[in-house]
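Me: I have a protein on my screen and would like to talk it through with you. Could we go over it question by question?

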Amino acid sequence: MTTSRHIAASALALVLLMGCSDEEPGAEIGAPVEDSFTEAVRYGALTAEFLYPRAWESEGVAVQAHFMDARGVAVGPALDALEMWRPIRGLRSGSCEQVLTSRAPMSDGAASLHLLDVGAIAVEAPVADASLPPRRLPDLLNAFYGVVYGSEYSWESDAELLDYFPGATYRFAAPGGPLAGAFDVTLQAPDPMVLVGLNGQELRDQAGAEVDGERPVELVWDVAANPSQSDVYIDISAGYGPDRLRVQCRTGDDGAFSVPQASLAPLWQEAGTLEMVVRRVRHQPVQLEGLDETDFFFTTADRFELSQR
């Protein structure tokens, strides 16, 4: 999750880019993509995520949401600039793809990104409820404006963060605004994602691992109680910022996956240490008045570092 200062910096990066040239797992999900830039897309996404406390203190369940009217701006890079996780649209299960950071020429019309206000998002959790108010972005340029929703430093409740309960139901509701409608959605928290092995090494209590850069990375994790209800996404990145080199893989929740060396090679050329985040993802499409598509996600994640020997 991001603070307003981080969001403002990412927003400025996005503006600069604009000036440059419950459903079954396995379905096509993620931000809509027609071309690298689209004429007009109205898209929304909400993500609730629990990070396994490996080498970091767990922050409980963190929530982030954005509802956007994008004109002449690619939705995927816009979400990247807002530091929001997204699945690659059309990524097949069992495959890996590089997240493209090259930018095609913008459309002929004026480009803008309006982040829409749906009112305060009420979150009902098993123990403590919370409210996620809209936070207005600083006025940077007229082309990028509106509100963002993120749980860091913004809960209006006695508990600073929501506790995580596997299998529990969390409710998300908002009254809607003038340009995006109301919603009332329940999501079930998936089991925690816990990596237990990597290339034969025990990983359960380790913050990272050293690997041979000439080999694939063999991952093993604890399988969920109901694996058919979730997909697993693996994100590997080199460097920092929305334009960092990244690869995303997708697989079923069957407890193991091999990230091909060919997918990792460009990342190793960029950096000697990579960040890997493995997510168990439950997805629910939502019909929201005023938007073309909306995706809600509840994810559990495990994050660690890979170092090349």
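Me: Is Glu-49 buried or exposed?
Reply: Happy to help, and keep in mind that this is a predicted model. The relative accessible area of Glu-49 is 16%. Buried means under 20%, so Glu-49 counts as buried.

Me: Which residue does the side chain of Glu-49 meet in a salt bridge?
Reply: Look for a pair with 2.7 Å from N to O. The partner is itself buried, with a relative accessible area of 10%. The side chain that meets Glu-49 belongs to Arg-279.

Me: How many residues apart in sequence are the parts that Glu-49 and Arg-279 tie together?
Reply: Glu-49 lies in strand β1, while Arg-279 lies in strand β18, residues 273–285. The pair therefore ties together parts whose separation in sequence is 230 residues.

Me: What about Asp-69 and Arg-42: how many residues apart are they?
Reply: Their side chains meet in a salt bridge at 2.8 Å, N to O. Asp-69 sits in strand β2 (residues 61–71) and Arg-42 in strand β1 (residues 41–51). The pair links distant parts of the chain, and the spacing is 27 residues.

Me: Is Arg-42 buried or exposed?
Reply: Its partner Asp-69 has a relative accessible area of 9% and is buried. For Arg-42 the value is 18%. With the cut-off for buried at under 20%, Arg-42 is therefore also buried.

Me: Which strand holds Glu-124, the salt-bridge partner of Arg-171?
Reply: The side chains of Arg-171 and Glu-124 meet at 3.1 Å, N to O. Arg-171 is in strand β9 (residues 169–174), 47 residues from its partner. Glu-124 lies in strand β5.

Me: How exposed is Glu-124?
Reply: Arg-171 is partly exposed, with a relative accessible area of 30%. Glu-124 is partly exposed as well, and its relative accessible area is 37%.

Me: Which residues join with Arg-42 into one network?
Reply: Here the salt bridges share partners. One of the pairs is Arg-42 with Asp-69. The residues joined to Arg-42 in the network are Asp-69 and Arg-71.

Me: Which strand gives the largest share of the largest nonpolar core?
Reply: This core has 32 residues, and those with the most contacts inside it include Val-61, Phe-67 and Phe-183. Several strands each supply at least two residues, among them β1, β5 and β9. The largest share is 4 residues, and it comes from β2.

Me: How many residues are in the other core, apart from that one?
Reply: Leu-245, Leu-267, Trp-268 and Ala-271 are among its members. The size of this other core is 27 residues.

Me: Which strands stand at the edges of the open sheet of 4 strands?
Reply: The order is β12-β11-β14-β17, with antiparallel pairing. Each edge strand has a single partner, so one side of it is left without a neighbour in the sheet. The edge strands are β12 and β17.

Me: Which residue in β17 stands opposite Glu-218?
Reply: Strand β14 covers residues 217–221, and 4 bridges join it to β17. The two strands run antiparallel. Opposite Glu-218 stands Ser-258.

Me: Where does pLDDT stay under 50?
Reply: The mean pLDDT of the protein is 83, and 78% of its residues reach 70 or more. One stretch under 50 has 18 contacts beyond four places in sequence, and another has 19. Those stretches are residues 102–108 and residues 153–159.

Methods: Residues are numbered from 1 along each chain as its sequence is written. This is a predicted model: local features need pLDDT of at least 70, side-chain atom pairs count only at pLDDT 80 or more; totals for chains, interfaces and linings use all residues. Side-chain values use heavy atoms; hydrogens and water are left out. Two strands pair if DSSP finds at least two bridges between them. A salt bridge is a side-chain nitrogen of Lys or Arg within 4 Å of a carboxyl oxygen of Asp or Glu. Buried means under 20% relative accessible area, exposed over 50%, partly exposed in between (1.4 Å probe, protein chains only). A nonpolar core is a set of buried Ala, Val, Leu, Ile, Met, Phe, Trp, Tyr and Cys residues joined through side-chain atoms within 4.5 Å. pLDDT is the predictor's confidence in each residue, from 0 to 100. Contact means heavy atoms within 4.5 Å.
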